[in-house]
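Please look through the sequence and the model shown here, and then follow the report below, which takes up pockets, cavities, a helix and a few single residues in turn.

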Amino acid sequence: MSALLEWLVRAEEDRRRAGLVRRTDVRRNPGSRGGLLDLASNDYLGLGADPRVRAAAIRAIETYGAGAGASRVVTGTTAGHVELERELARLTGQPSCLAFSSGYAANVGLLAALGSPDTVIVSDEHVHASLIDGARLSRSPVRICPHNDLVALETLLREREQTRAVVVVESIYSVLGDATDLARVAALCITYDALLVVDEAHGIGVAGQGRGAVHAAGLSGAPHVVVTATLSKALGTQGGAVLGPPLVREHLVNTARTFIFDTGLAPAAAVGAAEACRIIAAEPERAGELHRIASVIADAAGVPHAPGAVQSIPADSADRAVAAADALFDEGIVVGCFRPPSVPDGVSRLRLVARAGVDPEQAERAARLAARLSHAESVSA
C-alpha cells in the first residue's frame, strides 16, 4: 500500500475512534421519505416546495435550459440572473447585487478579491468555513477575534499596522444561533476606517421581517457595509450573492475568481430565488411564524431562545450526539448533528431548525425528546 493510501486509512480510523465519521444518507432527505418531521433542513420558510417558486423555476428551464452554459462573463448571464439581482437588492435594500453559483463561492470570491498584504482581515472566530477559506486565499494577514468580543475587535482595529481593514462577521451564526450586534460593529468600522462584511446566510428571510439583520439594523446601503447571502436557505433554491456598493460589484466582476472562472448559477435557481424574494417581501408573516416555532423549540428543550431559526442543544459527547440523532430519526424526526470540526466551540450538539409550517405540537415533542436524548445520564435513568 502506498504512503498516501496508508495515511487515508489512518485518518479514517482516527475519525471512527473520535466518533466523527460523516455519511451521505438519502434516507434523511424528507423528500425521499414521507412522514418525516423536518427540523434539520435550511428551507426556513418552506419556499423550496412553494408552487410559485417551483413554477418560476420551471419557466426558467423552459426558457433558458437546465444550466447557464458558461461563465457569467462569457455567455452565462441571462435575464433570469438580472431579475434575481434586482429582486434580492430590493428585498434587502441594497444598491447592487452580484449572484454566484453558491454562498460558499460568494464568500471565498469576495474575501480573496478584497485581500492584499496591506489589508488585514479581522474575522470573528465563529464564522463559516467559506469565510475562513476566503481569508486564507486573500493574501492578507488574518487576525481572529474572540466571538462577539467588541473590546477585542476595537483593539485589533486600533493597533493594526495595515492601511486597510476588513471585519468579517455573520449576522446570525449557523451553529449556536446567536447574533452579532451589527450597529456597534458597524460603528467601530467607521471609527477605524474598516469595511464590514456581514454573512447574512441565516439572516435573510429570518430577521427584520425577512429583509435581513443588516436591514433591521438600519445599515442597508451603508457604503462601508457589504453583505453576502445564500439562496439555499430561506430562499429555498441554490446559489449565493454579494450585495453592497456598486463599486464592490464592479470589482468582483473583474477580479473574483469564483465568479469569473465558474459556470454561472443555473437560471432555474436564479429565477426561483427571485420569486422567493417577492414572496418574502409580500408575506412577512412567514418570518413571524418561524420565530414562533423557534420559541416553542427553545422552551421545550430548555435552552436559551436564539434569535434565528437554529436552536442548539449541547450533547455530552460526539457519540451521544450521533446516538441521539439516530434515535430521533427512528422516531421519524430529522435533526442536525454537529460535531468537531463543524462546531466552533468544540461542543457537539443537536441543531433543531425552526421552520414556518411545522406543527407546533410536533416541534415541542421533538425538542423535549432531543433534549433528553442528548445527555447520557438521562437515557440511562
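In this predicted model, the second largest pocket has a volume of about 340 Å³. It is lined by 17 residues, and those closest to the centre of this pocket are Leu 114, Arg 164, Val 166, Leu 195 and Val 248. Several elements contribute to the lining of the second largest pocket, since α4 (103–114), β5 (164–170), α7 (182–191) and α9 (246–255) each supply at least two residues. When the lining residues of this pocket are sorted by class, 12 are nonpolar, 3 are polar and 2 are charged.

As for the setting in the chain, the UniProt record, an unreviewed entry, places the feature "domain: Aminotransferase class I/classII large" at residues 36–368. Over residues 36–368 the chain is 42% helix and 17% strand, and the C-alpha atoms at the two ends are 17 Å apart.

**Cavities**

Turning from pockets to cavities, a search of the whole structure finds 5 cavities of 30 Å³ or more. The table sets out two of them.

| Cavity | Volume | Nonpolar lining residues | Polar lining residues | Charged lining residues |
|---|---|---|---|---|
| Largest cavity | about 80 Å³ | 9 residues | 3 residues | 2 residues |
| Second largest cavity | about 40 Å³ | 4 residues | 4 residues | 2 residues |

The largest cavity is lined by 14 residues, and the ones that lie nearest its centre are Asp 124, Cys 145, Asn 148, Leu 153 and Val 169. To the lining of the largest cavity, β3, α6 and β5 each supply at least two residues. The lining of the second largest cavity includes Arg 72, Phe 100, Thr 258, Phe 259 and Asp 262, and the elements that each supply at least two residues to this lining are β2 (96–100) and α10 (257–260).

**Helix α6**

Which residues of helix α6 (residues 150–158) are buried? They are Leu 150, Ala 152, Leu 153 and Leu 157. Because these residues cover an arc of only 155° around the axis, they are on the same side of α6. Among the elements that cover the buried residues of α6 are β3 (119–124), β4 (142–145), β5 and α7. One of these buried residues, Leu 153, is also among the residues nearest the centre of the largest cavity.

**Single residues in loops**

Asn 148, another residue near the centre of the largest cavity, is found in the loop between β4 and α6. Although Asn 148 is not a glycine, it has a positive phi of about 55°. Its relative accessibility is 31%, so Asn 148 counts as partly exposed.

Gln 209, which is not a glycine, has a positive phi of about 55°, and Gln 209 is found in the loop between β6 (195–199) and α8 (213–216). Is Gln 209 buried or exposed? With a relative accessible area of 59%, Gln 209 is exposed, because the exposed class begins over 50%.

A third residue in a loop is Ser 342, which lies between β10 (333–338) and β11 (349–353). Ser 342 counts as partly exposed, because its relative accessibility is 35%. If the neighbours within four places in sequence are left aside, Ser 342 is in contact with Arg 22 and Val 175. The C-alpha atom of Ser 342 is also separated by 9.0 Å from that of His 128, although these two residues are 214 residues apart along the chain.

Conventions:
Residues are numbered from 1 along each chain as its sequence is written. This is a predicted model: local features need pLDDT of at least 70, side-chain atom pairs count only at pLDDT 80 or more; totals for chains, interfaces and linings use all residues. Side-chain values use heavy atoms; hydrogens and water are left out. UniProt positions are given in the numbering used here, feature names are shortened, and annotations may be inferred rather than shown by experiment. Helices (H or I, at least four residues) and strands (E, at least two) are DSSP runs, numbered from the N terminus. On a 1 Å grid over the protein atoms alone, a cavity is a set of points where a 1.4 Å probe fits but cannot get out, and a pocket is an open set with protein on both sides within 12 Å along at least five of seven lines; lining residues have an atom within 4 Å of a point. Grid points are joined across faces, edges and corners, and a volume is the space filled by probe spheres set on the points. Ala, Val, Leu, Ile, Met, Phe, Trp, Tyr, Cys and Pro count as nonpolar, Asp, Glu, Lys and Arg as charged, and the others, Gly among them, as polar. Buried means under 20% relative accessible area, exposed over 50%, partly exposed in between (1.4 Å probe, protein chains only). The arc is that of the directions from the helix axis to the C-beta atoms. Contact means heavy atoms within 4.5 Å.
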